[in-house]
Amino acid sequence: MASYWIETMGCQMNERDSETIAGLLEREGYARAAAADAADVLVVNTCSVRENADNRFFGLLGHLKAVKDARPEAVVAVCGCMMQQAHIVERIREKHGWVDLVFGTHNIHELPEMLAAAGGRMPPLHPNEAAGDGAAGRGGLRGKVHVRAAREAIVEGLPARRAYGFKAYVNIMVGCNNFCSYCIVPYVRGREMSREPEAVLDEVRALAESGTKEVMLLGQNVNSYAGFSGRSVSFPELLRAVDAVPGIERVRFMTSHPKDLSEDLIALFERGAGGAARGRGLAHLCPSIHLPVQAGSSRVLARMNRRYTKEAYLRLVEKLRAANPEIVITTDFIVGFPGETEDDFAETMDLIERVRYDAAFTFLYSPREGTPAAAYPDQVDEAAAHARFDRMVARLNEISLEKNRRLVGRVEQVLVEGPARTGEGMLAGRTFSGRLVNFPGEKVAPGDIVAVRITDAKTFSFGGELVE
Ligand code: SF4
């Protein structure tokens, strides 16, 4: 049986795309290979958001070249949002002409035809023309580049090979309209487009019927979801409908732009002292929110084109904690954004003290070609940015640990995810609020929800014991 191997770089949206790519390949009769060097089709699904994405991708291509040299009949395909950038495709064309197939984020559904055209063993469904991006049809990639500049519609009904049985990613929208000045996403993922509510609900119902207990609704900015079902449907309305699907016990979402976080959405988090939903609160909505702030200086936020101020962000945090004092709040920070001064950074550190995040992802600013901020003249000195980064991470970690220690002794409902990395016989799972707990356990399986007493708090995880 022919086989495939897929490497996913980047975010949850990319992981979800890889599930579709794997689903399409399996529908065509391919089986998953254990390793790249045994596979007939090798796919690299790239991300252009993370730091050093280009270096990591081209480093990986170097390894795949060895596979291709050893087995020239293997098909190497590269896809994902890096392929939406002409300079990347150009570099592949010039230096890696041996790559068999390049396709963009809006072409995934055409994989069977593209692969057949590139020499894979799938029969072509119909003759496929390469959609040009300027690099197609030239040099080493003649006829192998399929990159649509924009998405015409969301293609529904594609198969997926889900990474887990008990939890699943569900895209509710694609693209982004926000054009934060440092971010490449609107250029590579295109404009916002929301799935129809019924399509989302059909997917969630099918997942629930096959045993999925937790869904994570995905979008670059779920708060601006605007589905249509005879009338416009907002994100809070969609959440209510998903929350009511029988069998779904946990609902999460990612990511939430602070400028679009509505009172309606905040109300869905309402919970009483015992943790039960109250008021307009939803029973299955997990009490956690990832609310990327990026910086604490309103001046820097304006230059980032984030369209909120530090004060407005702090008011949102206040409202979220009024709805549920126990809500877990996590965030992203970019350190060393062009023009960031010591005073600006002090504003960020002040925001950290005031919010006291449960966890945060921190990034050193690095320019993305084609974004406005990459052309800003006042790039921050690297040593200064590193020093700020280290100070910030140290303080964020201290706060996380202080907050985590308060949970020791509590009993939490933990959804078991599988073996833990912490040792033989250990399991890992997540609390309702998304905290990672490692605990010894037998006779429990991935997907079970079990009571676990927290016995130990670390910065990023907890130790626990099963409660009989
Ligand atoms: S909201 Fe801003 S940071 Fe997020 S994907 Fe859109 S442009 Fe990028």
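Start with the whole protein in cartoon view: its secondary structure comes to 12 helices and 21 strands. The radius of gyration is 23 Å, close to the 23 Å that the globule rule gives for 468 residues, so the protein is as compact as a globular protein of that length. Bear in mind as you look around that this is a predicted model.

Now switch to the C-alpha trace and turn it slowly. Along its principal axes, the trace spans about 60 × 55 × 50 Å. If you colour by accessibility, you will find that buried residues make up 54% of the 468 residues. For a contact map, take the contacts between residues at least 6 apart in sequence: 72% of these join residues at least 24 apart.

Next, select residues 53–70, which form helix H2, together with residues 86–95, which form helix H3. Two packed helices are described by the angle between their axes and the distance between those axes. Here the axes come within 13 Å and cross at roughly 25 degrees. Angles under 35 degrees count as roughly parallel, so H2 is roughly parallel to H3. Look at the pair face-on for the handedness: the crossing of H2 and H3 is right-handed.

Finally, show side chains where the two helices touch. On the H2 side, pick Asp54, Phe57 and Phe58. Their partners in H3 are His87, Ile88, Arg91 and Ile92. Coloured by residue class, this contact of H2 with H3 shows 4 nonpolar, 1 polar and 2 charged residues.

How values were computed
Residues are numbered from 1 along each chain as its sequence is written. This is a predicted model: local features need pLDDT of at least 70, side-chain atom pairs count only at pLDDT 80 or more; totals for chains, interfaces and linings use all residues. Side-chain values use heavy atoms; hydrogens and water are left out. Axes are lines fitted to C-alpha atoms, for helices over the stretch in contact, and angles run from 0 to 180 degrees between N-to-C directions. Helices (H or I, at least four residues) and strands (E, at least two) are DSSP runs, numbered from the N terminus. Angles under 35 degrees count as roughly parallel, over 145 as roughly antiparallel, 65 to 115 as roughly perpendicular and the rest as oblique. A crossing is left-handed if the near helix is turned anticlockwise from the far one by less than a right angle, and right-handed if clockwise. Contact means heavy atoms within 4.5 Å. Ala, Val, Leu, Ile, Met, Phe, Trp, Tyr, Cys and Pro count as nonpolar, Asp, Glu, Lys and Arg as charged, and the others, Gly among them, as polar. The radius of gyration is taken over C-alpha atoms; the globule rule is 2.2 Å times the number of residues to the power 0.38. Buried means under 20% relative accessible area, exposed over 50%, partly exposed in between (1.4 Å probe, protein chains only).
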